[in-house]
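This report describes how the strands, a disulfide and a pocket are arranged in one protein chain. The sequence and the structure are shown first, and the description follows.

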Amino acid sequence: MKKILLLLCVMTQCYWLHAQQEIQVQDAAKHVGDSVKICTKIYGGVYLERSKGTPTLLNAGGAFPNAPLTLVIWPATRATYKTPPEELYKDKEVCITGRIILYKDKPEIIISDEKQLTFKD
């Protein structure tokens, strides 16, 4: 039983370290599938209220269409914000945590909790 507990602790610590991997925003495409932390500037965003699913898209690390990373905020998460995310984060330095996925060959992170986006000190 002690061996199993030790193995679980080791596996959890390794996962935690992997999840805390900090990368540069321009390297996002090299880390698809990884859980990462990225600190960068939000160059702007848009609330697509007429698009399917009504997402909010934030451009991280560069202006649209050349942003190396897009942050996607779906309506349920958007509703938790007092200030619209595209206004709150515009031109701000932030740190983002989450798993990088590809959408139409572009890296993105889905923000499902406000805690994934914090203002950089």
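Strands are here DSSP runs of E with at least two residues, numbered from the N terminus. The model under discussion is a predicted one, and the description below begins with the pairing of its strands.

Strand 2 (35–47) takes part in each of the pairings listed in the table.

| Strands | Sense | Bridges |
|---|---|---|
| Strand 1 (residues 21–23) and strand 2 | parallel | three bridges |
| Strand 2 and strand 5 | antiparallel | seven bridges |
| Strand 2 and strand 3 | antiparallel | five bridges |

Individual residue pairs can be placed within these pairings. Ile 23 has Ile 38 of strand 2 as its bridge partner, while Thr 40 stands opposite Val 94, a residue of strand 5. In strand 3, Leu 57 is the residue that stands opposite Val 46.

The disulfide comes next. The structure holds one disulfide, and this bond joins Cys 39 to Cys 95 with an S to S distance of 2.1 Å. The pair links distant parts of the chain, since Cys 39 belongs to strand 2 and Cys 95 to strand 5 (residues 93–103), with the two positions 56 residues apart in numbering. Because the torsion about the S-S bond of Cys 39 and Cys 95 is about 105°, the disulfide is right-handed. With the limit for a buried residue set at under 20% relative accessible area, Cys 39 counts as buried because its relative accessible area is 19%, and Cys 95 is likewise buried because its value is 9%.

Which strands each supply at least two residues of the lining of the largest pocket? They are strand 2 (35–47), strand 3 (56–60), strand 4 (69–73) and strand 6 (106–111). Strand 6 provides the largest share of this lining, amounting to four residues. The space in the largest pocket comes to about 480 Å³. The lining comprises 21 residues, of which Leu 57, Thr 70, Val 72, Tyr 103 and Glu 108 are the closest to the centre of the pocket. Sorted by class, the lining of the largest pocket contains 13 nonpolar, four polar and four charged residues.

Taken together, strand 2 recurs through this account: strand 2 pairs with strand 5 in the antiparallel sense, carries Cys 39 of the disulfide, and supplies at least two residues of the lining of the largest pocket. Leu 57 likewise appears twice, as the residue opposite Val 46 and among the lining residues closest to the centre of the largest pocket.

Methods. Residues numbered from 1 in each chain as written. Predicted model: local features only at pLDDT ≥ 70, side-chain atom pairs only at ≥ 80, totals over all residues. Heavy atoms only, no water. 1 Å grid on protein atoms, 1.4 Å probe; cavity = no way out; pocket = protein on both sides within 12 Å on 5 of 7 lines; lining within 4 Å. Points joined across faces, edges and corners; volume = space filled by probe spheres on them. Nonpolar A, V, L, I, M, F, W, Y, C, P; charged D, E, K, R; others polar. Disulfide = S-S within 2.5 Å. Buried < 20%, exposed > 50% of the residue type's maximum accessible area, 1.4 Å probe, protein only. Pairing = 2+ DSSP bridges.
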